[in-house]
Amino acid sequence: MKLSISTLSLLLLAGSMADASSLAVYQDQTIYDLTPKDNYIGFAKGVKVKCEGNTVALETMYDCPADKRLCKELLSLKETQQKLIAIQANTKVLDEIVSLPRPTTFDAGAWIESARLIGTEKAALLTKAKKASEALTLKESAFKKQAPSKKALALTQRCPKELELTIPYGYVSFSTAYEADMLNDEEMIKVTQYLSVTNRSGIDIEADTAMFYYRSAHQYVNPIHFNPWIVRKYEPGPVRTYRKSMMKEANLEMMAADEENAGSMPMAAPVASYEDAREYKIQDLTLPSTGVPLNVEVLSWKAPLKCEVRAYPYVSSRAFYVCAFKPKFQIDSNRWKIRSAKETINENAVGEYRDEHYNLYAKVEEDIQIQRKQIVQRARETGIFGGTARKKDGFVLTLTNKSDKPKALTLIDRIPTSTTEEIKVKLLKVSSDKKVDYKMVKDGKIEMKLILAANESKKIEVLFELSYDKDMKISY
(Lines give C-alpha, C1' and ligand atoms only; values in the text may rest on other atoms or scores of the structure.)
Protein backbone atom coordinates (compact mmCIF):
# COMPACT_ATOMS: atom_id res chain seq x y z
CA MET A 1 0.00 0.00 0.00
CA LYS A 2 1.35 3.38 -0.99
CA LEU A 3 0.57 6.63 0.78
CA SER A 4 0.53 9.86 -1.12
CA ILE A 5 2.61 12.77 0.15
CA SER A 6 -0.51 14.75 1.10
CA THR A 7 -1.97 11.78 3.05
CA LEU A 8 1.30 11.24 4.89
CA SER A 9 1.46 14.93 5.75
CA LEU A 10 -2.05 14.84 7.18
CA LEU A 11 -1.20 11.82 9.33
CA LEU A 12 1.94 13.49 10.66
CA LEU A 13 -0.01 16.66 11.39
CA ALA A 14 -2.72 14.71 13.20
CA GLY A 15 -0.07 12.97 15.29
CA SER A 16 1.61 16.21 16.25
CA MET A 17 -1.76 17.80 17.14
CA ALA A 18 -2.61 14.83 19.34
CA ASP A 19 0.50 15.44 21.43
CA ALA A 20 0.06 19.24 21.54
CA SER A 21 -0.30 20.86 24.94
CA SER A 22 -1.63 24.27 25.92
CA LEU A 23 -1.86 26.49 28.98
CA ALA A 24 -4.36 29.28 29.68
CA VAL A 25 -3.76 31.39 32.79
CA TYR A 26 -6.62 33.62 33.93
CA GLN A 27 -7.05 35.80 37.00
CA ASP A 28 -9.23 33.22 38.76
CA GLN A 29 -7.93 29.84 37.52
CA THR A 30 -5.54 28.03 35.16
CA ILE A 31 -6.43 25.45 32.51
CA TYR A 32 -3.70 23.04 31.36
CA ASP A 33 -4.41 20.68 28.44
CA LEU A 34 -1.98 17.87 27.69
CA THR A 35 -1.64 14.31 26.47
CA PRO A 36 -0.37 12.40 29.53
CA LYS A 37 2.44 9.87 29.26
CA ASP A 38 1.41 8.13 32.50
CA ASN A 39 -1.05 8.46 35.39
CA TYR A 40 1.14 10.83 37.44
CA ILE A 41 -0.27 14.37 37.95
CA GLY A 42 1.85 15.99 40.64
CA PHE A 43 1.71 17.35 44.18
CA ALA A 44 -1.40 19.41 43.56
CA LYS A 45 -4.30 20.50 45.70
CA GLY A 46 -7.86 21.28 44.60
CA VAL A 47 -7.14 20.40 40.96
CA LYS A 48 -10.01 19.17 38.76
CA VAL A 49 -9.31 16.63 36.00
CA LYS A 50 -11.20 15.74 32.84
CA CYS A 51 -10.29 13.09 30.27
CA GLU A 52 -11.85 13.89 26.90
CA GLY A 53 -14.49 15.97 28.69
CA ASN A 54 -15.34 13.40 31.39
CA THR A 55 -14.40 13.98 35.02
CA VAL A 56 -11.73 11.63 36.31
CA ALA A 57 -11.02 10.81 39.95
CA LEU A 58 -7.57 11.17 41.53
CA GLU A 59 -5.84 9.04 44.11
CA THR A 60 -2.81 9.44 46.34
CA MET A 61 0.26 7.59 45.07
CA TYR A 62 1.97 5.28 47.53
CA ASP A 63 5.17 5.09 45.46
CA CYS A 64 6.11 8.34 43.76
CA PRO A 65 7.89 7.80 40.40
CA ALA A 66 11.62 8.25 40.89
CA ASP A 67 12.07 9.98 37.51
CA LYS A 68 9.75 12.89 38.43
CA ARG A 69 11.49 16.08 39.61
CA LEU A 70 9.29 16.78 42.64
CA CYS A 71 9.40 13.11 43.64
CA LYS A 72 13.19 13.40 43.82
CA GLU A 73 12.81 16.54 45.95
CA LEU A 74 10.43 14.73 48.33
CA LEU A 75 12.68 11.65 48.45
CA SER A 76 15.65 13.83 49.43
CA LEU A 77 13.50 15.47 52.12
CA LYS A 78 12.43 12.09 53.52
CA GLU A 79 16.01 10.78 53.50
CA THR A 80 17.09 13.80 55.56
CA GLN A 81 14.15 13.22 57.89
CA GLN A 82 15.12 9.53 58.26
CA LYS A 83 18.72 10.51 58.95
CA LEU A 84 17.58 12.83 61.75
CA ILE A 85 15.39 10.10 63.27
CA ALA A 86 18.35 7.65 63.18
CA ILE A 87 20.65 10.14 64.91
CA GLN A 88 18.02 10.82 67.58
CA ALA A 89 17.58 7.06 68.10
CA ASN A 90 21.36 6.56 68.45
CA THR A 91 21.48 9.36 71.02
CA LYS A 92 18.66 7.73 72.99
CA VAL A 93 20.43 4.34 72.95
CA LEU A 94 23.64 5.96 74.16
CA ASP A 95 21.79 7.63 77.04
CA GLU A 96 20.27 4.26 78.01
CA ILE A 97 23.70 2.61 78.01
CA VAL A 98 25.06 5.32 80.32
CA SER A 99 22.13 4.79 82.72
CA LEU A 100 22.81 1.03 83.10
CA PRO A 101 23.76 -0.21 86.65
CA ARG A 102 27.43 0.28 87.52
CA PRO A 103 29.70 -2.80 87.98
CA THR A 104 30.71 -3.87 91.52
CA THR A 105 34.41 -3.37 90.83
CA PHE A 106 35.70 0.09 89.99
CA ASP A 107 38.56 0.75 87.54
CA ALA A 108 39.25 4.49 87.53
CA GLY A 109 41.24 4.44 84.28
CA ALA A 110 38.61 2.47 82.42
CA TRP A 111 35.85 4.77 83.70
CA ILE A 112 37.74 7.87 82.63
CA GLU A 113 38.37 6.46 79.17
CA SER A 114 34.71 5.36 78.85
CA ALA A 115 33.50 8.81 79.92
CA ARG A 116 35.75 10.44 77.33
CA LEU A 117 34.55 8.17 74.53
CA ILE A 118 30.88 8.56 75.53
CA GLY A 119 31.20 12.35 75.74
CA THR A 120 32.91 12.55 72.35
CA GLU A 121 30.29 10.32 70.73
CA LYS A 122 27.36 12.21 72.26
CA ALA A 123 28.80 15.58 71.19
CA ALA A 124 29.21 14.25 67.66
CA LEU A 125 25.64 12.93 67.65
CA LEU A 126 24.26 16.28 68.88
CA THR A 127 26.19 18.12 66.16
CA LYS A 128 24.91 15.73 63.47
CA ALA A 129 21.36 16.07 64.82
CA LYS A 130 21.54 19.87 64.67
CA LYS A 131 22.85 19.85 61.08
CA ALA A 132 20.24 17.31 59.98
CA SER A 133 17.47 19.33 61.66
CA GLU A 134 18.57 22.52 59.91
CA ALA A 135 18.82 20.70 56.57
CA LEU A 136 15.34 19.24 57.06
CA THR A 137 13.87 22.66 57.84
CA LEU A 138 15.43 24.15 54.69
CA LYS A 139 14.21 21.29 52.48
CA GLU A 140 10.69 21.45 53.92
CA SER A 141 10.58 25.20 53.33
CA ALA A 142 11.87 24.77 49.76
CA PHE A 143 9.31 22.06 49.00
CA LYS A 144 6.47 24.13 50.47
CA LYS A 145 7.34 26.95 48.05
CA GLN A 146 7.12 24.55 45.12
CA ALA A 147 3.98 22.59 45.91
CA PRO A 148 0.91 22.92 48.17
CA SER A 149 0.95 19.25 49.22
CA LYS A 150 3.40 16.45 50.04
CA LYS A 151 1.07 13.82 48.59
CA ALA A 152 1.54 12.91 44.94
CA LEU A 153 -1.69 12.54 42.97
CA ALA A 154 -2.36 10.18 40.07
CA LEU A 155 -5.25 9.29 37.77
CA THR A 156 -7.31 6.33 38.91
CA GLN A 157 -7.57 5.25 35.26
CA ARG A 158 -5.42 5.75 32.19
CA CYS A 159 -6.28 8.66 29.89
CA PRO A 160 -4.93 7.89 26.40
CA LYS A 161 -5.92 11.20 24.82
CA GLU A 162 -6.50 14.80 25.88
CA LEU A 163 -6.39 15.53 29.60
CA GLU A 164 -7.65 18.85 31.01
CA LEU A 165 -6.40 20.07 34.38
CA THR A 166 -8.15 23.01 36.06
CA ILE A 167 -5.80 24.46 38.66
CA PRO A 168 -7.30 26.74 41.36
CA TYR A 169 -6.55 30.46 41.75
CA GLY A 170 -3.15 31.43 43.09
CA TYR A 171 -1.08 28.38 42.18
CA VAL A 172 -0.09 29.64 38.71
CA SER A 173 0.09 33.42 38.49
CA PHE A 174 1.57 36.12 36.31
CA SER A 175 2.15 39.85 36.32
CA THR A 176 3.58 42.45 33.98
CA ALA A 177 6.45 44.79 34.81
CA TYR A 178 7.88 47.75 32.98
CA GLU A 179 11.36 49.17 32.69
CA ALA A 180 11.94 52.69 31.38
CA ASP A 181 15.31 53.75 30.02
CA MET A 182 15.61 57.52 29.58
CA LEU A 183 17.67 58.35 26.50
CA ASN A 184 19.11 61.53 24.96
CA ASP A 185 18.91 63.71 28.07
CA GLU A 186 15.32 62.73 28.84
CA GLU A 187 14.00 63.53 25.35
CA MET A 188 13.34 59.89 24.43
CA ILE A 189 12.20 56.90 26.45
CA LYS A 190 12.72 53.20 25.76
CA VAL A 191 10.00 51.08 27.37
CA THR A 192 10.55 47.36 27.89
CA GLN A 193 7.70 45.18 29.11
CA TYR A 194 8.26 41.91 30.95
CA LEU A 195 5.96 39.04 31.82
CA SER A 196 6.68 37.34 35.15
CA VAL A 197 5.15 33.86 35.57
CA THR A 198 5.21 31.80 38.77
CA ASN A 199 4.18 28.16 39.20
CA ARG A 200 3.73 26.63 42.65
CA SER A 201 0.89 24.27 41.76
CA GLY A 202 2.91 21.09 42.33
CA ILE A 203 2.51 20.27 38.61
CA ASP A 204 5.48 20.71 36.27
CA ILE A 205 4.10 22.32 33.13
CA GLU A 206 5.30 21.99 29.55
CA ALA A 207 3.11 23.75 27.01
CA ASP A 208 3.51 24.25 23.29
CA THR A 209 1.36 27.39 23.60
CA ALA A 210 0.68 29.37 26.77
CA MET A 211 -1.80 32.25 26.93
CA PHE A 212 -2.03 34.77 29.77
CA TYR A 213 -5.19 36.82 30.26
CA TYR A 214 -5.79 39.82 32.49
CA ARG A 215 -9.40 38.74 33.01
CA SER A 216 -11.38 36.07 34.83
CA ALA A 217 -12.43 32.84 33.16
CA HIS A 218 -15.77 33.09 34.97
CA GLN A 219 -17.64 36.28 34.07
CA TYR A 220 -21.34 36.74 34.74
CA VAL A 221 -23.11 39.57 32.94
CA ASN A 222 -26.59 40.49 34.19
CA PRO A 223 -29.21 40.67 31.41
CA ILE A 224 -30.25 44.31 31.05
CA HIS A 225 -33.42 45.49 29.29
CA PHE A 226 -34.95 48.91 28.79
CA ASN A 227 -37.20 50.23 31.57
CA PRO A 228 -39.16 53.50 31.20
CA TRP A 229 -38.27 56.37 33.55
CA ILE A 230 -41.51 57.21 35.32
CA VAL A 231 -42.37 60.52 36.94
CA ARG A 232 -44.97 60.37 39.69
CA LYS A 233 -46.59 62.61 42.19
CA TYR A 234 -44.53 62.60 45.34
CA GLU A 235 -46.19 60.87 48.26
CA PRO A 236 -44.12 60.57 51.41
CA GLY A 237 -44.08 57.08 52.79
CA PRO A 238 -43.70 55.90 56.39
CA VAL A 239 -40.24 56.15 57.89
CA ARG A 240 -38.83 52.76 58.66
CA THR A 241 -35.71 51.86 60.52
CA TYR A 242 -33.81 48.68 60.00
CA ARG A 243 -31.28 47.01 62.20
CA LYS A 244 -28.75 44.66 60.70
CA SER A 245 -28.46 41.38 62.49
CA MET A 246 -25.04 40.38 63.76
CA MET A 247 -25.06 37.42 61.36
CA LYS A 248 -25.80 39.67 58.37
CA GLU A 249 -23.03 42.09 59.37
CA ALA A 250 -20.62 39.19 59.70
CA ASN A 251 -21.61 37.91 56.26
CA LEU A 252 -21.09 41.35 54.73
CA GLU A 253 -17.63 41.55 56.30
CA MET A 254 -16.77 38.11 54.93
CA MET A 255 -17.99 39.10 51.46
CA ALA A 256 -15.89 42.27 51.57
CA ALA A 257 -12.83 40.27 52.63
CA ASP A 258 -13.43 37.76 49.80
CA GLU A 259 -13.68 40.59 47.25
CA GLU A 260 -10.46 42.13 48.53
CA ASN A 261 -8.61 38.83 48.34
CA ALA A 262 -9.95 38.11 44.84
CA GLY A 263 -8.99 41.52 43.46
CA SER A 264 -6.41 40.77 45.38
CA MET A 265 14.35 30.09 34.84
CA PRO A 266 19.31 26.65 32.74
CA MET A 267 17.35 26.52 29.49
CA ALA A 268 16.80 28.69 26.43
CA ALA A 269 14.80 31.76 27.40
CA PRO A 270 11.20 31.59 26.14
CA VAL A 271 9.83 34.34 23.93
CA ALA A 272 6.62 36.18 24.83
CA SER A 273 4.45 38.07 22.38
CA TYR A 274 1.89 40.83 22.82
CA GLU A 275 -1.33 39.43 21.33
CA ASP A 276 -3.77 42.15 22.37
CA ALA A 277 -4.35 44.56 25.22
CA ARG A 278 -3.93 42.51 28.41
CA GLU A 279 -3.31 39.26 26.49
CA TYR A 280 0.09 37.57 26.07
CA LYS A 281 1.43 34.37 24.54
CA ILE A 282 4.54 32.25 25.09
CA GLN A 283 5.49 29.46 22.73
CA ASP A 284 7.25 26.28 23.95
CA LEU A 285 6.97 27.14 27.64
CA THR A 286 8.74 24.99 30.22
CA LEU A 287 7.41 26.03 33.63
CA PRO A 288 8.45 23.71 36.47
CA SER A 289 6.66 24.12 39.78
CA THR A 290 9.55 25.79 41.61
CA GLY A 291 7.83 28.90 42.99
CA VAL A 292 10.57 30.96 41.30
CA PRO A 293 9.30 33.64 38.86
CA LEU A 294 10.13 33.13 35.19
CA ASN A 295 10.75 36.56 33.63
CA VAL A 296 10.20 36.90 29.90
CA GLU A 297 10.59 40.00 27.75
CA VAL A 298 7.40 40.79 25.85
CA LEU A 299 8.15 43.83 23.73
CA SER A 300 10.22 47.01 23.57
CA TRP A 301 9.49 50.36 21.96
CA LYS A 302 10.57 54.02 22.02
CA ALA A 303 8.62 57.26 22.32
CA PRO A 304 9.35 61.00 22.67
CA LEU A 305 9.57 62.05 26.30
CA LYS A 306 9.03 65.33 28.09
CA CYS A 307 10.15 65.71 31.71
CA GLU A 308 9.78 68.52 34.22
CA VAL A 309 10.21 69.17 37.93
CA ARG A 310 6.84 69.75 39.51
CA ALA A 311 5.61 70.61 43.02
CA TYR A 312 2.25 70.95 44.78
CA PRO A 313 3.08 72.92 47.97
CA TYR A 314 -0.49 72.79 49.35
CA VAL A 315 -0.12 68.98 49.51
CA SER A 316 3.59 68.28 49.91
CA SER A 317 6.83 70.15 50.51
CA ARG A 318 8.71 67.88 48.07
CA ALA A 319 9.31 68.51 44.38
CA PHE A 320 9.52 65.60 41.96
CA TYR A 321 10.29 64.69 38.35
CA VAL A 322 7.32 63.74 36.20
CA CYS A 323 7.82 62.52 32.61
CA ALA A 324 5.05 62.31 30.03
CA PHE A 325 4.85 60.26 26.83
CA LYS A 326 2.25 58.67 24.56
CA PRO A 327 2.38 54.86 24.82
CA LYS A 328 2.45 52.79 21.63
CA PHE A 329 0.83 49.90 23.49
CA GLN A 330 -1.53 49.78 26.43
CA ILE A 331 0.17 49.93 29.84
CA ASP A 332 -1.15 47.14 32.09
CA SER A 333 0.80 47.84 35.27
CA ASN A 334 1.61 51.16 36.94
CA ARG A 335 4.78 49.98 38.70
CA TRP A 336 8.06 50.80 36.95
CA LYS A 337 11.80 50.44 37.17
CA ILE A 338 13.48 53.56 35.76
CA ARG A 339 17.10 53.86 34.70
CA SER A 340 19.29 56.10 32.60
CA ALA A 341 22.06 54.20 30.82
CA LYS A 342 23.50 52.01 33.61
CA GLU A 343 22.29 54.20 36.48
CA THR A 344 19.17 53.11 38.35
CA ILE A 345 16.93 56.09 39.05
CA ASN A 346 14.01 54.39 40.79
CA GLU A 347 13.27 50.71 41.45
CA ASN A 348 9.63 51.34 42.38
CA ALA A 349 8.26 54.29 40.42
CA VAL A 350 4.56 54.91 39.81
CA GLY A 351 2.80 55.86 36.58
CA GLU A 352 -0.72 56.73 35.44
CA TYR A 353 -2.75 57.68 32.39
CA ARG A 354 -3.65 61.39 32.54
CA ASP A 355 -4.49 64.15 30.06
CA GLU A 356 -4.05 61.99 26.94
CA HIS A 357 -0.55 60.99 28.06
CA TYR A 358 1.05 58.48 30.39
CA ASN A 359 2.76 60.25 33.29
CA LEU A 360 5.72 58.59 34.96
CA TYR A 361 6.58 59.89 38.43
CA ALA A 362 10.29 59.27 38.24
CA LYS A 363 11.98 60.51 41.41
CA VAL A 364 12.07 63.16 44.14
CA GLU A 365 14.06 66.33 43.45
CA GLU A 366 16.11 66.45 46.62
CA ASP A 367 17.83 69.77 45.81
CA ILE A 368 14.67 71.89 46.02
CA GLN A 369 13.25 72.83 49.42
CA ILE A 370 9.73 74.27 49.73
CA GLN A 371 7.91 75.93 52.63
CA ARG A 372 4.32 77.23 52.63
CA LYS A 373 2.96 79.51 55.38
CA GLN A 374 -0.28 81.45 55.87
CA ILE A 375 0.16 85.25 55.98
CA VAL A 376 -3.32 86.36 57.16
CA GLN A 377 -5.39 84.93 60.00
CA ARG A 378 -8.59 83.50 58.57
CA ALA A 379 -10.80 84.86 61.36
CA ARG A 380 -9.84 88.48 60.66
CA GLU A 381 -12.36 90.53 58.65
CA THR A 382 -10.82 93.25 56.48
CA GLY A 383 -13.96 95.30 55.99
CA ILE A 384 -17.72 95.42 55.54
CA PHE A 385 -19.17 97.48 52.71
CA GLY A 386 -22.95 97.66 52.81
CA GLY A 387 -24.09 94.13 53.42
CA THR A 388 -20.95 92.48 52.00
CA ALA A 389 -18.01 91.26 54.04
CA ARG A 390 -14.59 91.19 52.38
CA LYS A 391 -11.85 88.98 53.73
CA LYS A 392 -8.27 88.82 52.55
CA ASP A 393 -6.16 85.77 52.97
CA GLY A 394 -3.08 84.21 51.40
CA PHE A 395 0.19 82.41 51.83
CA VAL A 396 3.91 82.76 51.22
CA LEU A 397 5.98 80.18 49.37
CA THR A 398 9.69 79.99 50.15
CA LEU A 399 11.67 78.07 47.55
CA THR A 400 15.34 77.17 47.94
CA ASN A 401 17.64 75.57 45.37
CA LYS A 402 20.40 73.83 47.31
CA SER A 403 22.17 72.71 44.14
CA ASP A 404 25.14 74.33 42.38
CA LYS A 405 23.12 74.19 39.14
CA PRO A 406 20.01 76.16 38.08
CA LYS A 407 16.70 74.32 38.37
CA ALA A 408 13.53 74.81 36.34
CA LEU A 409 10.34 74.19 38.29
CA THR A 410 6.60 74.10 37.63
CA LEU A 411 4.79 75.11 40.81
CA ILE A 412 1.09 74.29 41.19
CA ASP A 413 -0.87 75.83 44.04
CA ARG A 414 -4.41 76.99 44.62
CA ILE A 415 -6.80 79.52 46.09
CA PRO A 416 -10.37 78.72 47.21
CA THR A 417 -13.01 78.33 44.51
CA SER A 418 -16.73 78.91 44.93
CA THR A 419 -19.65 76.94 43.53
CA THR A 420 -22.25 79.58 44.44
CA GLU A 421 -22.88 83.21 43.45
CA GLU A 422 -23.24 84.09 47.14
CA ILE A 423 -19.49 83.68 47.66
CA LYS A 424 -16.99 85.28 45.30
CA VAL A 425 -13.23 84.67 45.26
CA LYS A 426 -10.73 86.95 43.54
CA LEU A 427 -6.98 86.54 43.11
CA LEU A 428 -5.35 89.80 44.16
CA LYS A 429 -1.70 89.17 43.36
CA VAL A 430 1.14 86.72 42.90
CA SER A 431 4.27 88.67 43.67
CA SER A 432 7.98 88.25 44.30
CA ASP A 433 11.23 90.24 44.00
CA LYS A 434 11.13 89.47 40.29
CA LYS A 435 8.11 89.03 38.05
CA VAL A 436 6.51 85.58 38.38
CA ASP A 437 5.37 83.78 35.23
CA TYR A 438 2.00 82.41 36.27
CA LYS A 439 -1.49 81.74 34.94
CA MET A 440 -4.81 81.26 36.65
CA VAL A 441 -6.55 78.08 35.55
CA LYS A 442 -10.07 76.90 36.42
CA ASP A 443 -11.14 75.84 39.90
CA GLY A 444 -8.64 78.12 41.65
CA LYS A 445 -5.59 76.42 40.19
CA ILE A 446 -2.46 78.55 39.79
CA GLU A 447 0.45 77.36 37.64
CA MET A 448 3.83 79.08 38.06
CA LYS A 449 6.93 78.55 35.89
CA LEU A 450 10.15 79.31 37.74
CA ILE A 451 13.89 79.06 37.25
CA LEU A 452 15.88 78.99 40.47
CA ALA A 453 19.53 79.95 40.09
CA ALA A 454 22.22 77.93 41.84
CA ASN A 455 21.82 78.26 45.63
CA GLU A 456 19.00 80.79 45.13
CA SER A 457 16.16 81.32 47.61
CA LYS A 458 12.93 82.94 46.40
CA LYS A 459 9.76 84.06 48.17
CA ILE A 460 6.41 84.25 46.40
CA GLU A 461 3.37 85.88 47.98
CA VAL A 462 -0.13 84.80 46.91
CA LEU A 463 -3.01 86.99 48.10
CA PHE A 464 -6.74 86.56 47.44
CA GLU A 465 -10.04 88.06 48.62
CA LEU A 466 -13.37 86.49 49.51
CA SER A 467 -16.66 88.43 49.28
CA TYR A 468 -19.89 87.19 50.90
CA ASP A 469 -22.91 88.35 52.87
CA LYS A 470 -21.89 89.73 56.27
CA ASP A 471 -24.35 87.43 58.03
CA MET A 472 -22.96 84.34 56.32
CA LYS A 473 -20.42 82.01 57.85
CA ILE A 474 -17.94 80.40 55.48
CA SER A 475 -15.29 77.73 55.67
CA TYR A 476 -12.49 76.76 53.32
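Buried means under 20% relative accessible area, exposed means over 50%, and partly exposed lies in between (1.4 Å probe, protein chains only). This is a predicted model, where local features need pLDDT of at least 70, side-chain atom pairs count only at pLDDT 80 or more, and totals for chains, interfaces and linings use all residues. Residues are numbered from 1 along each chain as its sequence is written, and side-chain values use heavy atoms, with hydrogens and water left out.

**Exercise 1. The overall count**

Task: State how many helices and strands the protein has, and what share of its residues is buried.

Solution.
- Step 1. Start with the elements. Helices (H or I, at least four residues) and strands (E, at least two) are DSSP runs, numbered from the N terminus.
- Step 2. The protein has four helices and 27 strands.
- Step 3. Turn to burial. The chain has 476 residues, and 32% of them count as buried.
- Step 4. Add the surface. About 31,700 Å² is exposed, and carbon and sulfur atoms supply 53% of that area. Accessible areas come from the Shrake-Rupley method with a 1.4 Å probe; for residues, only the protein chains shown count as cover.

**Exercise 2. A nonpolar patch**

Task: Find the residues of the nonpolar surface patch and classify V93.

Solution.
- Step 1. Recall the rule. Patch residues have over 30% relative accessible area and no salt bridge; like charges are joined within 9 Å, and nonpolar side chains (Val, Leu, Ile, Met, Phe, Trp, Tyr) within 5 Å.
- Step 2. The patch consists of V93, I97 and L100. Together they have about 280 Å² of accessible area.
- Step 3. Place V93. Its home is helix α2.
- Step 4. Classify V93. Its relative accessible area is 43%, so V93 is partly exposed.

**Exercise 3. A positive patch**

Task: Name the residues of the positive patch and the helix that gives the most to it.

Solution.
- Step 1. Fix the signs. Lys and Arg count as positive and Asp and Glu as negative; His and the chain ends are not counted. A charge is placed at NZ of Lys, CZ of Arg, CG of Asp or CD of Glu.
- Step 2. K83, K128, K131 and K139 form the patch.
- Step 3. Helix α3 (residues 108-146) gives the most, with three residues.
- Step 4. K83 sits in helix α2 (residues 69-98). Its relative accessibility is 53%, so K83 counts as exposed.

**Exercise 4. Salt bridges**

Task: Find the partner of R69 and say which parts of the chain this pair ties together.

Solution.
- Step 1. Use the cut-off. A salt bridge is a side-chain nitrogen of Lys or Arg within 4 Å of a carboxyl oxygen of Asp or Glu. The structure holds 21 of them.
- Step 2. R69 bridges to D204, with the closest N and O atoms 3.0 Å apart.
- Step 3. R69 lies in helix α2, and D204 is in the loop between β10 (188-199) and β11 (205-213), so the pair ties together parts that are 135 residues apart in sequence.
- Step 4. Check the exposure. R69 is partly exposed at 26%. D204 is partly exposed too, at 32%.

Task: Compare the exposure classes of R339 and D181.

Solution.
- Step 1. R339 forms a salt bridge with D181, and the closest N and O atoms are 3.3 Å apart.
- Step 2. R339 has 25% relative accessibility and counts as partly exposed.
- Step 3. D181 has 10% and counts as buried.

**Exercise 5. The open sheet**

Task: Give the strand order of the eight-stranded open sheet and name its edge strands.

Solution.
- Step 1. Apply the pairing rule. Two strands pair if DSSP finds at least two bridges between them.
- Step 2. The order is β5-β4-β8-β2-β1-β11-β13-β12, with mixed pairing.
- Step 3. The edges are β5 (54-55) and β12 (272-276), each pairing on one side only.
- Step 4. Follow some neighbours. Strand β1 (residues 22-25) pairs with β11 in the parallel sense over four bridges. V25 has F212 of β11 as its bridge partner.
- Step 5. β11 and strand β13 (residues 279-287) run antiparallel and are joined by eight bridges. Here I205 is partnered by L287 of β13.
- Step 6. Finish at the edge. β12 and β13 pair antiparallel over four bridges, and D276 has E279 of β13 as its bridge partner.
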